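Student: Could you go through a structure with me, slowly and from the beginning?
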Amino acid sequence: MALSPEELSALTSGDPMALDQFYRQHARRVLGWAIRLGGPAVDPEDIAHEVFAIAFRKISGFRGEAQPSTWLFVITRNVVSNARRRAAIRRFVGLENGMDELPSPLEGVDENMEQRRRRRQVQLALEKLKTSQREVLVLMDLEGRTAPEAALMLGVPAGTVYSRLHYARRAFKSALQRNGVTSWDTSGAVADVGGAR
Amino acid sequence: MRPQDSEVDALGAFGTAALQEAVTDATEPSDAELERLLARRPWTEPVRTSRPLVLGGLGFAAAASALALVIATSAPQGGVQPVGYGPVAMDLHMEQALGAQVVELGPSIAMSGDATVVLDQANEAGTTLTLLEGRAHFDVDPNGEWRDLAVDADGVIVQVHGTVFDVIRDGDDVRVEVERGRVSVTWDSREVFVTTGQSWDRPTTEVAAVWTPPSDEGLSVDLPSVQAQPVSSGQQAPPEGVADDSVVDAVPMELAEAVDEGIGTDEEPVFRVREGSADHELAQVLALQASGIGAADLLVETDQVLGRHRGSGVGTELELVRLQTLARVDPNLAAVEMADWLDANPGASRAPLVRFERARVTHRALGRCASALRDYRELADRADDIGARAAAGAGLCAAELGHNSIAERYFADALERGITGTLQTEVQAARAALRD
């Protein structure tokens, strides 16, 4: 939803209440992007935190021409890209093994073990996609956006979005099968299906 | 022809709507994650204060206070008016001779020497000056403001962000001597890095020096062969008391070549890291950490890079490296800095790791088990590897303090959670001693 002139003015002037409202309104969405686009080797909360830190540093320059979510998505893409690169560097120099070294806040005792396992399986499947395909699939199939919406957020023509989605789905389906996700019990019961860990 | 909507729909990856929903749900943020994120409030981040360096401490303060001489006050032309520290001590764009005086070029750069220079710019965007003749000595605070400095000596550009070095020009001969830190020297579209104790002379002939890569012993990765680099000539022995940085410089340079080729495998994306980028610098530091070099060398290098990246994601990674390394050099200061870090970053996802490191240094290096036990016990509630290691630490501390039943519980917990290596051996021995 576009910002009203009053909301935009309050945000760009750094009004704490407006910033807080904006933060609460978009935090879950940005955190979701961080989980789905960032993969298992990066910390989604750190990603989301950095996205908003950047957004609030630059908010005085936000003219409100784009949807706030589109603007935040662009920032998220960049932050995710940087974080993934840093994680790859750590693996490269041998400071991290595979994709499970980073202690995640999800590993706290208050979290559901099965939820954690499932998330990891999906993240590993998403890792098999090219970045451009992953972005399209996340926006359209996991978040339910239309192709024109995704095209606007990604800055590409709708035809490109369709094309990427086509290949993304094919690759994702195969990856889900390999990771045991397609054998999940989706009736509500939790099934122990193994899969990648 | 692109697929139509209906065709795309038919290509769904999930098969059933239920599976699609389950996959979506699996990657939805949990309420706990969202609450933690909301508590962080990025627009009220505490301001991080720079701390004095432990090693490679600057002589800047002393130098600046010794003979600071204000020649004239002049606002930079077209630049930002200097504020907050006193006047820039030179006129801009005027040829000036340095005498026996220290000139402050902003809050972080002190210059002295027997030289003739022209100050081209001095503001928060950076300080640039031209060395016309003579030897100029620079002391740049790597953690200070306005620390970016470029010196042009007859087309040889020396760039720094915090170090101590000299540039000498005698006609066409240009020499750079680095007392501490690392500077970039660019000439004729070529670049070298000159580090602590090294000097560099502009080549008079185009002789490509061949750099022999150092042993990669200690590196846990196979590095590709390295292209020959123009290297510093006239390398001198480092001054007494200063670590020889040849390894410090060489290992990351080698890695940097590998990184430039892209890192990754067939199973994961290949990332390209641009030369000179923040990630490139981070890779260099992490490579040093992985190579197992001395803590003092690593700390100096980390501090220098950190000075340029505080507040960013790279900066956070570097802060962790710094704290871990500092613990090996000065445990007392490390414990204090870790406490400061935790105060400044209460909700950070890296906070448990830092807290564990604080407990470990308090316990192992400082021998304060009672303090360490508090951290250990709270961390032991975590279900991850940090929790398991904290349980082991809690057991060891409890045993040392004579709380045997508590120690036994933590020992059992740690072993059940699968601690390995020397920690496992230590816990097993301590447990056996308890039972004896």
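Tutor: We can talk about one helix, then a pair of helices, and then confidence. This is a predicted model, in which local features need pLDDT of at least 70 and side-chain atom pairs count only at pLDDT 80 or more, while totals for chains, interfaces and linings use all residues. Residues are numbered from 1 along each chain as its sequence is written, and chains are lettered from A and ligands numbered from 1 in the order in which they are written.

Student: Okay, how far apart are the end C-alpha atoms of helix H2 of chain A?
Tutor: They are only 29 Å apart, although H2(A) spans residues 16–38 and a straight helix of its 23 residues would reach 33 Å. Helices here are DSSP runs of H or I with at least four residues, numbered from the N terminus, and the expected span is 1.5 Å times one less than the number of residues.

Student: Where does H2(A) bend?
Tutor: The bend is at His26(A) and comes to about 45°, taken as the angle between axes fitted to the seven residues ending there and the seven starting there.

Student: And what follows H2(A)?
Tutor: Gly39(A) does, and its phi is positive, near 80°.

Student: New topic: at what angle do H3(A) and H3(B) cross?
Tutor: The axes of H3(A), residues 44–58, and H3(B), residues 31–40, cross at roughly 35° and come within 10 Å, where axes are lines fitted to C-alpha atoms over the stretch in contact and angles run from 0 to 180 degrees between N-to-C directions.

Student: Which residues meet there?
Tutor: From H3(A) there are Glu45(A), Ala48(A) and His49(A), which meet Glu33(B), Arg36(B), Leu37(B) and Arg40(B) of H3(B); contact means that C-beta atoms, placed from the backbone, lie within 7 Å.

Student: How confident is the predictor about chain A?
Tutor: Its mean pLDDT, a confidence for each residue from 0 to 100, is 81, and 83% of the residues reach 70 or more. However, pLDDT stays under 50 over residues 98–110 of chain A.

Student: What about chain B's average?
Tutor: Chain B averages 69, with 67% of the residues scoring at least 70. Among its elements, helix H4(B) has the lowest mean pLDDT, 28, and helix H13(B) the highest, 90. Where pLDDT is low, the predicted coordinates should not be read in detail.

Technical notes
Helix = DSSP H or I, 4+ residues; strand = E, 2+ residues; numbered from the N terminus. Contact = placed C-beta atoms within 7 Å.
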